[in-house]
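Student: Please take a close look at one part of this model with me. I would like to go through the aromatic pairs.

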Amino acid sequence: MDLIIAVVCLAGIIAINWWVQKYPNRSKEYPERIRMTKLIMIVGWLSIGIGVLVGLVGFTTDTDPLPPRIAGAGMLLIGLILLGMYRNFYIVPGESEIAFRTMLGREHVLPYSDIASYQMSQVNRRTYVTVKSIHGVKLGLDIAIYNVSPLLRAIEHHEATGRWPVRGELPLQKQSGG
């Protein structure tokens, strides 16, 4: 029975991972913005719901009420943090710059010509790109979840020529037909 539960959980994780990569979460108001996966929002709301229920148990129990109250407050706080992260974060990869808003709500525009350093890394067979601007602004993304192909083309340009592209220098992304 444990094996069946483990296989079902693993299959669920694989399906969710595939869905997140296949269908990026785009803002309805601003379709160029790529947001965090909706899974973050769902987990946030579940955490808030569980936190409220556990907190209520702390007020209605005959035993020591402090542990459920603390656990409920912790779950509620985690849920609020996740919802805040989901609400705030987005990226807009453009042909000459990448605009983004951090999880704390600060908005930045990072022209590719202002990149001071970049790093490509593998973590658990997932590729992450981290760029840092000359002004200290830092952005790290999983390239399987967020389509940052213009940024990757700018990195290729930098590797080929030794300098970062200026506005209008990179060719527009080719649209695939069909």
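Tutor: What follows is a walk through the aromatic pairs and the hairpin that holds one of their rings.

The model is predicted. Two aromatic pairs are counted in it. For Phe89 and Tyr146, the ring centres are 5.7 Å apart and the planes stand at 70°; an angle over 60 counts as edge-to-face, so this pair is edge-to-face. Phe89 belongs to the loop between α3 (66-88) and β3 (90-93), and Tyr146 to the loop between β8 (138-142) and α4 (149-161). With their positions 57 residues apart, the pair links distant parts of the chain. Both Phe89 and Tyr146 are buried.

The other pair is made by Tyr118 and Trp164, with ring centres 5.6 Å apart and planes at 85°, so it is edge-to-face too. This pair also links distant parts of the chain, 46 residues apart: Tyr118 is in strand β6, while Trp164 is in the segment after α4. Burial is not shared here. Tyr118 has 25% relative accessibility and counts as partly exposed, whereas Trp164, at 11%, is buried because buried means under 20%.

Now to the strand that carries Tyr118. Strand β6 (residues 115-123) runs antiparallel to strand β7 (residues 126-133), and eight bridges join them. Across this pairing, Met120 faces Val129 of β7. The hairpin of β6 and β7 has two residues between the strands, and Asn124 there takes a positive phi near 50°.

How values were computed
Residues are numbered from 1 along each chain as its sequence is written. This is a predicted model: local features need pLDDT of at least 70, side-chain atom pairs count only at pLDDT 80 or more; totals for chains, interfaces and linings use all residues. Side-chain values use heavy atoms; hydrogens and water are left out. Two strands pair if DSSP finds at least two bridges between them. Helices (H or I, at least four residues) and strands (E, at least two) are DSSP runs, numbered from the N terminus. Rings of Phe, Tyr and Trp (its six-membered ring) pair if their centres lie within 6.5 Å; planes under 30 degrees apart count as stacked, over 60 as edge-to-face and the rest as tilted. Buried means under 20% relative accessible area, exposed over 50%, partly exposed in between (1.4 Å probe, protein chains only).
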